[in-house]
Amino acid sequence: MPAFIGVDDLTSMVFDVDDLVSKFQLALYRDWDSVEDDPRTCASIGAKLCTYKHWFAADNFGPAPHLSCISMSPGLHKKLMRFRLSCSDLHVNTGRFVATPREQRLCYCCVQEAVEDELHVIFECAAYEQLRQHKYQHLFANGMGANRNLKAFMSLDSAQHSIARFIADVFKLRSQCLSGSNV
Ligand SMILES: [Zn+2]
């Protein structure tokens, strides 16, 4: 096999596709199974993968439920995906860029002195309690809020639009909160 493989080389090579797929699957399952159990206590290395696995990933590597919501606007979809992929402006994410220790990436919209992560803003932060109790009461009155099971909450097939709107409203309120506190 040449040291460097170009497109022209590939045309003359024979691949065992089943073998390749099998190898990729084995590597995927091995890495997936080795992810730590709790996004809040896991090591920094691999923390985003740990967050995705335990709070957002569909079981059995199935498609995420929001992907079938073709009527969702691109803007709303983008906000939802950024949240799901730990690419939002939450302090737990932005603190990575400046090496702030995770336990110091606090929420500035409440006085709970909690890390501002996805679980906090969805279920815990007092700043969004009015949203939970009124406008989005239908999302939080079915037991998911009480259980604080983020993965189950984010997997509600029939509620992806409402979940996306709730997240968008949370960030709108958060922006107002932060501009008011000059943080
Ligand atoms: Zn908070």
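What share of the 183 residues of the chain counts as buried? In this predicted model, 20% of the residues of the chain fall in the buried class. The mean pLDDT of the chain is 90, and 94% of the residues score at least 70. Confidence varies between elements: helix α6 (residues 118–124) has the highest mean pLDDT, 97, and helix α9 (residues 144–147) the lowest, 66. Where pLDDT is low, the predicted coordinates should not be read in detail.

The chain contains 11 helices and 0 strands, so that its pattern along the sequence reads α-α-α-α-α-α-α-α-α-α-α. The radius of gyration is 20 Å, against a value near 16 Å for a compact globule of 183 residues. The C-alpha trace extends over about 65 × 40 × 30 Å along its principal axes. Of the contacts between residues at least 6 apart in sequence, 52% join residues at least 24 apart.

The largest nonpolar core comprises 20 residues. Within this core, the residues with the most contacts are Val 121, Cys 125, Tyr 128, Ile 163, Phe 166, Ile 167 and Val 170. At least two core residues are supplied by each of α4, α6, α10 (150–154) and α11 (160–181), and α11 provides the largest share, 5 residues. When residues up to four places away in sequence are not counted, Val 170 touches Val 121, Tyr 128 and Leu 131.

Helix α4 (residues 74–84) has Leu 80, Phe 83 and Arg 84 among its residues, and these three are buried. They lie on the same side of α4, because the arc that they cover around the axis is only 100 degrees. Pro 74 and Gly 75, on the other side of α4, are exposed. After α4 comes Ser 86, with a positive phi near 60 degrees.

A link between distant parts of the sequence is found at Ala 168, a residue of helix α11. Leaving aside neighbours within four places in sequence, Ala 168 is in contact with Leu 76 and Lys 79. The C-alpha atoms of Ala 168 and Leu 76 are separated by 7.3 Å, although the two residues are 92 residues apart along the chain. Ala 168 itself is partly exposed, because 16 other C-beta atoms lie within 10 Å, whereas the buried class requires 20 or more.

Helix α2 (residues 17–33) is hardly covered, with 0 buried residues among its 17. From its first C-alpha to its last, α2 reaches 24 Å, close to the 24 Å expected at 1.5 Å a residue.

Positive phi values also occur in the loop between α5 (91–97) and α6, where Ala 99 is located. Ala 99 is not a glycine, yet its phi is positive, at about 60 degrees. Ala 99 counts as exposed because it has 7 C-beta neighbours inside 10 Å. Glu 113 belongs to the loop between α5 and α6 as well, and its phi is likewise positive, near 50 degrees, in a residue other than glycine. With 8 C-beta neighbours inside 10 Å, Glu 113 therefore counts as exposed, the limit for this class being 12 or fewer.

Technical notes: Residues numbered from 1 in each chain as written. Predicted model: local features only at pLDDT ≥ 70, side-chain atom pairs only at ≥ 80, totals over all residues. Helix = DSSP H or I, 4+ residues; strand = E, 2+ residues; numbered from the N terminus. Arc of directions from axis to C-beta. pLDDT = per-residue confidence, 0-100. Rg over C-alpha atoms; globule rule 2.2 N^0.38 Å. Contact = placed C-beta atoms within 7 Å. Core = buried A, V, L, I, M, F, W, Y, C linked by C-beta atoms within 7 Å. Expected span 1.5 Å × (residues − 1).
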